[in-house]
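Me: Please take a close look at one topic for me, the salt bridges, and explain each term as you come to it. After that, please connect the topic to the contacts between the chains and with the DNA.

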Number of protein chains: 2
Amino acid sequence: MPTSRAPLNTRRVLQAALELADSGGTDKLTMRHLGRELGVEAMSLYRHVANKDAVLDGIIDLVVSEIDLPDSREDWKSAMRRRGETAHRVLTRHPWAPPLLMSRTNTGPAMLRYIDYTLGVLRGAGFSWRLADHAWNTMDSFVYGYTLRRLTFPVAQADYAETAAAHAHLLAGGGFPHMAELTRQVAEGRHPGDPDITFGLDLILDGLERLRDAETRP
Amino acid sequence: MPTSRAPLNTRRVLQAALELADSGGTDKLTMRHLGRELGVEAMSLYRHVANKDAVLDGIIDLVVSEIDLPDSREDWKSAMRRRGETAHRVLTRHPWAPPLLMSRTNTGPAMLRYIDYTLGVLRGAGFSWRLADHAWNTMDSFVYGYTLRRLTFPVAQADYAETAAAHAHLLAGGGFPHMAELTRQVAEGRHPGDPDITFGLDLILDGLERLRDAETRP
DNA sequence: CGTCGTAAGCTTACGTCGTAAGCAAGAGTG
DNA sequence: CACTCTTGCTTACGACGTAAGCTTACGACG
């Protein structure tokens, strides 16, 4: 008979669920599979976890807790820029996470803390409550949206130009002249395609700075 | 015995699927349910549709086709603003759509047409290929991200202040001082909360305009 | 030492899902 | 009439989440 194993607990279940999701996406994350991974039957998990939704909420908050909190001592703009970049990086490390993060209400402790720090940074930089609220909502809408689009994008960055070349004629014949031309530009290496996140991040941050200045010195 | 019905076809299947999703979200959209709606067994649908993924791709493209194409005769900025607003409105009409739209690769004809028109407007306004590509990607990341966040948001607009009031003490006790204060501001009606999409839209459009001007007159 | 409550895990079972495989019944067409 | 083709139906399989109840082991207490 097998040596008795250490008893399960909620933390270990969530940890295993996170690893399972990382290794094979949300599809692989089933209660039966998760049980097998922990050497336990599926139904035994329900001793430590209310149901599957609780597992999902749990691992999302684990992911969010990986994002660096913005440092309120730093210049607000670079703090916010880094906030966006690291969020993007973390979410890219866990490609299964963004769809979950965005399609279900998330109010885990890590998420609340993350938002709270952000508001602190913005308030410290002289933003009004109204503008600070707009600011982080705009930033996050963009960052999450950008990350999700990027993950969905069918082509890896490396093959971008190559794939573009292969598809150019298809688009041209189909009555999409501008896309065809853009694709050609990418294929010829005249424009890198695959815009990185700093473009949009800086665009938004510059805009926010101008609005804050207009607000404080009317 | 029932009078013989008109034979099915792909269009009718997709139309029924769209109605089903609109009436009860993605959960209600199962092959069996869809069949029942059309007076047919589930397996019969596979004569007109490759599999369920094809149904999902199909109804997403139907939704995208509802979005107004930007008019290239109009001023680029208001054309793009309206583009974002109508996209937001259409996606809000079909709340099940954004998660699907963003979590699967979509290259249906309506989507391609939509992007092609957009590129046309931007090019007509003097944007370089590089900047035009950045521009629409930034816009769409924001619009989709914003819409998805809004749909996920637990509180309807009307009750916003009321709900904020109910939660304020909870946040204050939990070590989230800035969120608590922001919530209080909303509760007291000093800040509307619930930012609408035009804030971010105008922020991005103004930024893009500046970049284009810097590009054309160096 | 025996008893017994409690916690942890197991077993079985139900209803649902997408869909593979093959069958049946009609509509043209020669 | 026989034929193919189209359309839809039937049955079945292997997932899934989870409700309900059962077993087993261990610690507290008499």
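Reply: Relative accessible area, computed with a 1.4 Å probe on the protein chains only, sorts residues into three groups: buried means under 20%, exposed means over 50%, and partly exposed lies in between. The model is predicted, and for that reason local features need pLDDT of at least 70 and side-chain atom pairs count only at pLDDT 80 or more, while totals for chains, interfaces and linings use all residues. Residues are numbered from 1 along each chain as its sequence is written, chains are lettered from A and ligands numbered from 1 in the order in which they are written, and side-chain values use heavy atoms, with hydrogens and water left out.

Side chains of opposite charge can pair when their charged atoms come close. A salt bridge is counted when a side-chain nitrogen of Lys or Arg lies within 4 Å of a carboxyl oxygen of Asp or Glu, and over all chains of this structure the search finds 24 of them.

One of these joins the side chains of Lys77(A) and Glu209(A), with 2.6 Å from N to O. The two partners sit in distant parts of the chain, 132 residues apart, with Lys77(A) in helix α4 (residues 76-93) and Glu209(A) in helix α10 (residues 197-216) of chain A; helices (H or I, at least four residues) and strands (E, at least two) are DSSP runs, numbered from the N terminus. Lys77(A) counts as buried because its relative accessibility is 13%, whereas Glu209(A), at 24%, counts as partly exposed.

In another salt bridge, Arg190(A) meets Glu188(A), and the closest N and O atoms are 2.6 Å apart. Here Arg190(A) is exposed, with a relative accessible area of 58%, and Glu188(A) is partly exposed at 47%.

In chain B, Asp53(B) pairs with Arg104(B), the closest N and O atoms being 3.2 Å apart. Because Asp53(B) belongs to helix α3 (residues 52-64) of chain B and Arg104(B) to the loop between α5 and α6 of chain B, this pair ties together parts that are 51 residues apart in sequence. Asp53(B) is partly exposed at 42%, while Arg104(B) is buried at 18%. In chain A, salt bridges with shared partners join Asp53(A), Asp57(A) and Arg104(A) into one network.

We can now turn to the place where the two protein chains meet. Chain A and chain B each bring 49 residues to the contact, which means heavy atoms within 4.5 Å. Between them the chains bury about 4600 Å², of which 72% is on carbon and sulfur atoms; buried area is the accessible area (1.4 Å probe) that two parts lose on being put together, summed over both. In chain B, Trp129(B), Arg149(B) and Phe199(B) lose the most area to chain A, together 16% of what that side buries.

How many salt bridges are there between chain B and chain A? The count is zero, but 14 residue pairs are in polar contact, both residues being at pLDDT 80 or more. A polar contact is a pair of N or O atoms within 3.5 Å; within protein, one must be able to donate a hydrogen and the other to accept it, and residues adjacent in sequence count only if both atoms are side-chain atoms. On the side of chain B that touches chain A, at least two residues each come from several helices, including α6 (109-124) and α7 (129-152). The largest share of that side, 17 residues, comes from α7(B).

The last step is the DNA, where a residue is near a strand if one of its heavy atoms lies within 4 Å of it. Around DNA strand C there are 16 residues, and the closest are Glu41(A), Ser44(A), His48(A), Arg32(B) and Lys52(B). A polar side-chain atom of Ser44(A) lies 2.9 Å from a phosphate oxygen of this strand, and for a polar side-chain atom of Lys52(B) the distance to a phosphate oxygen is 2.7 Å. On DNA strand D, a base oxygen is 2.5 Å from an N or O atom in the side chain of Arg47(B), and a phosphate oxygen is 2.7 Å from an N or O atom in the side chain of Ser44(B).
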